[in-house]
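Visitor: Could you take me in for a close look at one loop residue, and then show me how the rest of the chain is laid out around it?

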Amino acid sequence: MTYVGVDVGGTKVLAVRIDAAGAVEATATRPMPGLAAGPDEVEAAVALAARDVYGDTEPRALGVSAAGLVDGAGERFLFGAHLPWRDAPVRRTLAERTGLPVVLDNDANCAAHAELVSGAARGVGSALLITIGTGIGGAVVLGGRVVRGAHGLAGEFGHMQVVPNGLACECGLRGCWEQYCSGRALERVTRVALGRHLDGPEVTALARAGNEVALHSFASVGTWLGVGAAGLVSAFDPQLVIVGGGVSAVGDLLLGPARHALAGALQGTAYRAVPDLVPALLGPEAGAIGAALLARDGRS
Ligand SMILES: [Zn+2]
């Protein structure tokens, strides 16, 4: 018995097949058709990527993890800056296209479900997931399950305003957290200090080699991570804060400053538990694996 999960991101479509126990048996990637493509082309890419991992199995269901806003019923993809779907009935159209039962959810919710089942949140009743890539994705786990909110939109932490009248954000607002804590922020801080552009992996390599400018860039992003996490910890009092996404691959060079800032921005730390900031365990396939697990388990 197998299940397939497909993660639909801004640059690629990543598919995995899992067995009934959740072990990954196959993976495949296809390029995203891009923003100029129609919704139909993206659905075709999803169906093809899923097909790539069927092998000689007949999957029981398909889970779809998408980078953007998914409605509370898991029927429609409402909006995502990097995907061409707009208020699109993706669950139904993909079910028709593939002939499989389809479960649709936001990518961070899928990743949080994967971390709950077999990652850093295993056995943990309450946790926050913060994924730091180009921007910030987030999910809230309470009572051992992903909490989606009244309209399915909980966990959109990246667009909390942390600086009134701050830097302009792609979402149209100003001062959003992800303008200060993201891969883009890492590149911007480095560019200001160095006077030339380096991409995220280049900054990471420099930081690992002990370069002062790169270390300062990670300290800046990490400090903003801790400050934003403190607000979320004040709101939710989780056992753990799990940090994933490409920028977090640098580990303690990011999480060290974040832990320091988190402890410094919470009230009463001498008298309360401060949740640890820990790395996510499932890596870049977390969304696809979580989607496959949701196809197996159903959305709670
Ligand atoms: Zn924003």
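Guide: Sure, let's start with Asn165. At 70% relative accessibility, Asn165 counts as exposed, because the bar for that label is over 50%. Keep in mind that this is a predicted model. Asn165 sits in the loop that runs between strand 10 (145–147) and helix 4 (183–194). Its backbone is worth a look too: phi of Asn165 is positive, about 55 degrees, even though the residue is not a glycine.

Now stay in that loop and slide over to Arg148, which is also found between strand 10 and helix 4. Is Arg148 buried or exposed? Arg148 is buried, with a relative accessible area of 8%, whereas Asn165 is exposed. If you leave aside neighbours within four places in sequence, Arg148 is in contact with Asp105, Asn109, Leu153, Ala154, Leu294, Arg299 and Ser300.

That list makes a good excuse to bring in the domains. The chain is divided into domain 1 (2–111 + 285–297) and domain 2 (123–280). The C-alpha centres of the two domains lie 26 Å apart. As for how they meet, 12 residues of domain 1 are in contact with 11 residues of domain 2.

For a fully covered spot, go to Leu225 in helix 6 (residues 212–236). Leu225 has a relative accessible area of 0%, so it counts as buried. Not counting residues up to four places away in sequence, Leu225 touches Ile130, Ile132, Trp177, Cys181, Val243, Leu254, Leu255 and Ala258. If you'd like a distance to check on screen, try Leu225 and Glu187: they are 38 residues apart along the chain, and their C-alpha atoms are separated by 15 Å.

Next, two more loop residues. Asp87 lies in the loop between strand 6 (77–79) and helix 2 (90–98). Like Asn165, which has a positive phi without being a glycine, Asp87 is a non-glycine residue with a positive phi, in this case near 45 degrees. Asp87 counts as partly exposed, at 43% relative accessibility.

Thr11 is the other one, in the loop between strand 1 (2–8) and strand 2 (12–19). Thr11 is exposed, with a relative accessible area of 64%. Apart from its neighbours within four places in sequence, Thr11 is in contact with Pro31 and Met32. Here's another pair to try with the distance tool: the C-alpha atoms of Thr11 and Arg97 are separated by 22 Å, and the two residues are 86 apart along the chain.

Now zoom out. The chain's secondary structure comes to 8 helices and 12 strands. Its radius of gyration is 19 Å, close to the 19 Å that the globule rule gives for 300 residues, so the chain is as compact as a globular protein of that length. Along the principal axes, the C-alpha atoms fill a box of roughly 50 × 45 × 35 Å. Buried residues make up 50% of the 300 in the chain. Take the contacts with a separation of 6 or more: residues 24 or more positions apart account for 61% of them.

Last stop, the surface and the charges. The chain exposes about 12,800 Å², and carbon and sulfur atoms supply 53% of that area. There are 23 positive and 28 negative charges, and their mean positions are 2 Å apart.

Methods
Residues numbered from 1 in each chain as written. Predicted model: local features only at pLDDT ≥ 70, side-chain atom pairs only at ≥ 80, totals over all residues. Heavy atoms only, no water. Helix = DSSP H or I, 4+ residues; strand = E, 2+ residues; numbered from the N terminus. Rg over C-alpha atoms; globule rule 2.2 N^0.38 Å. Buried < 20%, exposed > 50% of the residue type's maximum accessible area, 1.4 Å probe, protein only. Contact = heavy atoms within 4.5 Å. Areas by Shrake-Rupley, 256 points an atom, 1.4 Å probe, with all protein chains shown as cover. Lys, Arg positive; Asp, Glu negative; His and termini not counted. Charge placed at Lys NZ, Arg CZ, Asp CG, Glu CD. Domains from an automatic or database assignment.
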